[in-house]
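Student: I'd like to go through this one and ask why things get the labels they get. Can we start with the surface?

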Amino acid sequence: MHILILGAGPTGLSLALSLLQSPHKENHTFAIYEARPKASTIGGAVNLTPTALRYLDGLHVLPKLFALGATVKAIEIFSLHSGSKLSEVNFSKPEYGYSALRIKRSDLLSSLLKTLASHNGAVQWGKRLVSINDIAKEDKAEAVFSDGQTAKGDLIVGCDGIHSPTRTSFVEPDRNPGYTGQCVAFGFLEGVKGGVESTLIPPLFFKDTAVLSSQNGSLLATYCTADRSTLFFGAVMGVPDEASREGWRLKGEDREAVKKDMQRRFGALVTRKELEYVKTMLQEVEDVCLYPVHMLSYPAQATWAKNRVVLMGDAAHAMPPQGESTGFCIEDAILFARILERRGPGGERDGSEDEGKGYGKSKDSKEGAGSKKMTVPELCKYFETLRKPRMEEAVKESYYRWKGAHGGSWLAFKIQEYITPWFLYFTEGKRDREFCGDVREMEV
């Protein structure tokens, strides 16, 4: 089976590495196509949960990441108004096997690419998708790129992000992302500038990562390098819709104005001595970028698979950033590779042992997976059926937390502050199960 992977982000690269390390790798070949002309260096710092680190360890990427990112044992949550610590999300329980890691997105991508190169894998850059053709008589799908070149495969996997051309040109053209009303403004603070110490001197008011909530939005401050010399600093705040990519581009280009807006919204709220460094962060954060946050409709309302084409990662279930999104994208790739390993050409199941046992069934599945192998369209639909319930839950929870934390009246904000520790307490068991989970152990 030849697979066209569209997108060289965390999802696409994780899928490629999973295929290369499959015990049945001789059954698959793949090619990776990326619209950008070279590896992206843009973006902030992503949080990799214990679950994500478990998968990246299995892909032999983790040693590279540990050399670059900052270990996060917990995310501490503070009130920007009172200065008090409300609660924390703990990543350091022994049963997880891993803690969390905050790392620059560019460092994550470079580590994945280096691991891919060690397997003689490569990405074809500058390949912007224009259209997809379903060639039924050949049992193939064809990708057409803007440079006039085409590529045929038995399967196309769209890992090309929230504005996915794979989705909009073929799988579900009418499903477009909607603006959430919130933007993320972010940048970095270097601990040393040209050999001169910064005014930002440890110890800070947090150990690894802090989230500060306020009525005007929320702030995030976190170490993001292994030597803890660099802080990633961001603000989530309500911004009117610019209605076009060009409008957002022009607004984001005025970085000084974005920085002043952050200072205006949050600086006056810092009245407690223990949070005084927040003002310093607002002053010293460099090269501030503005990123409008979009999300897709809930997965249950969507189509992820059509014929020989399937969507993964943000192309399928983009959600507001909430600390687990990158891990979900990597998990998509791991699960699909597992399905191919078990149900694809030359797969392990022979069917007889599965009949009547419901292997791989989700509560929404209407038929089992007892056959020795599936056709490519069946594999795509099977992944969608297995994965959708979990992602539906994740997107709803993400959107609930996002809306609850950003904006609203003073009373609504104070109620949110009050219930935050209780919410985290009552959902701790669910997080335990998720951080100990592994889709590689699923029966599919």
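Tutor: Sure. Patches are made of residues with over 30% relative accessible area and no salt bridge, and nonpolar side chains are joined within 5 Å. Keep in mind that this is a predicted model. In this model, Tyr 418, Trp 422, Tyr 425 and Phe 426 make a nonpolar surface patch of about 580 Å².

Student: What makes Phe 426 count as exposed?

Tutor: Exposed means over 50% relative accessible area. Phe 426 has 63%, so it counts as exposed. You'll find Phe 426 in helix H12, which covers residues 410-426.

Student: Why is Asn 120 called exposed?

Tutor: The relative accessible area of Asn 120 is 74% and the cut-off is over 50%, so the label fits. Asn 120 sits in the loop between helix H4 (105-118) and strand E8 (123-124). Its phi is near 65°, a positive value in a residue other than glycine.

Student: And what is the phi of Asp 287?

Tutor: About 50°, so positive, although Asp 287 is not a glycine. This residue belongs to strand E19, residues 286-295. Asp 287 is exposed too, at 57% against a cut-off of over 50%.

Student: On to charges. Why is the contact between Glu 76 and Lys 85 called a salt bridge?

Tutor: A salt bridge needs a side-chain nitrogen of Lys or Arg within 4 Å of a carboxyl oxygen of Asp or Glu. Here the N to O distance is 3.1 Å, so the pair qualifies. Glu 76 is buried, because its 8% is under 20%. Lys 85, at 41%, falls between the two cut-offs and is therefore partly exposed.

Student: How do you know that Lys 140 and Asp 154 form a salt bridge?

Tutor: Their N to O distance is 2.9 Å, which is within 4 Å. Lys 140 lies in strand E10 and Asp 154 in the loop between strands E11 and E12, so the pair ties together parts that are 14 residues apart in sequence. Asp 154 is buried at 16%, while Lys 140 is partly exposed at 25%.

Student: What makes Arg 338 and Glu 341 a salt bridge?

Tutor: The closest N and O atoms are 3.6 Å apart, so they pass the 4 Å limit. Both residues lie in helix H10, three residues apart, about one turn of the helix. Both are buried.

Student: How many salt bridges does the structure hold?

Tutor: The structure holds 28. A network of salt bridges links Arg 390, Glu 393, Glu 397, Lys 430 and Glu 434.

Methods. Residues numbered from 1 in each chain as written. Predicted model: local features only at pLDDT ≥ 70, side-chain atom pairs only at ≥ 80, totals over all residues. Heavy atoms only, no water. Patch = residues over 30% accessible without salt bridge, like charges linked within 9 Å, V, L, I, M, F, W, Y side chains within 5 Å. Areas by Shrake-Rupley, 256 points an atom, 1.4 Å probe, with all protein chains shown as cover. Helix = DSSP H or I, 4+ residues; strand = E, 2+ residues; numbered from the N terminus. Buried < 20%, exposed > 50% of the residue type's maximum accessible area, 1.4 Å probe, protein only.
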